[in-house]
Amino acid sequence: MRTSASIQSGPVYLPLPSAQPEPVSGCRHCLELAVRRTNAVSSGDYSKATDVNVALRAHLGEAHGGEE
């Protein structure tokens with residue numbers, strides 16, 4: 001009979017979530033993504049809000065040379 005131990009040896013430390021990316025003032029695409037994020041959060045769809053944050057970070061990196 002094969003036995004396999006699946007016991008964790010110590011505590012797991014998770015980092016705090018990263019801060020939400022900030023849209024660049026005057027950029028229409030940033031504004032659109034920020035509005036989508038606000039709408040997702042206000043409706044309780046945090047998964048969609050996270051997806052929008054990913055899209056905003058990608059946009060900031062590509063269009064504004066900011067965080068990716």
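The legends below walk through several close-up views of this predicted model.

In this predicted model, local features need pLDDT of at least 70 and side-chain atom pairs count only at pLDDT 80 or more, while totals for chains, interfaces and linings use all residues. Residues are numbered from 1 along each chain as its sequence is written, and side-chain values use heavy atoms, with hydrogens and water left out.

**View 1. The whole protein chain holds two helices and zero strands.** Helices (H or I, at least four residues) and strands (E, at least two) are DSSP runs, numbered from the N terminus. Of the 68 residues, 22% count as buried; buried means under 20% relative accessible area, exposed over 50%, and partly exposed in between, with a 1.4 Å probe and protein chains only. The accessible surface comes to about 5,600 Å², and carbon and sulfur atoms hold 54% of that area (Shrake-Rupley method, 1.4 Å probe; for residues, only the protein chains shown count as cover). Among contacts (heavy atoms within 4.5 Å) with a separation of 6 or more, 48% join residues 24 or more positions apart.

**View 2. Helix α2 covers residues 46-63.** Its 18 residues reach 25 Å from first C-alpha to last, close to the 26 Å expected at 1.5 Å a residue; the expected span is 1.5 Å times one less than the number of residues. Look here for the buried residues of α2, which are A49, V52, N53, L56, R57, H59, L60 and G61. These buried residues pack against α1 (28-42). Just past the helix, G65 follows with a positive phi, near 65°.

**View 3. Six residues make up the largest nonpolar core.** They are C27, C30, L33, V52, L56 and L60. Two or more residues come from each of α1 and α2, and α2 gives the most, with three. A nonpolar core here is a set of buried Ala, Val, Leu, Ile, Met, Phe, Trp, Tyr and Cys residues joined through side-chain atoms within 4.5 Å. In soluble globular proteins, nonpolar side chains tend to be buried together.

**View 4. C27 and C30 are not joined by a disulfide, because their sulfurs are too far apart for a bond.** The sulfur of C27 has its closest cysteine sulfur in C30, at 3.7 Å, whereas a disulfide is a pair of cysteine sulfur atoms within 2.5 Å. A search of the whole structure finds zero disulfides. C27 is buried at 16% relative accessible area, and C30 is buried at 0%. Leaving aside neighbours within four places in sequence, C27 is in contact with H59 and H64.
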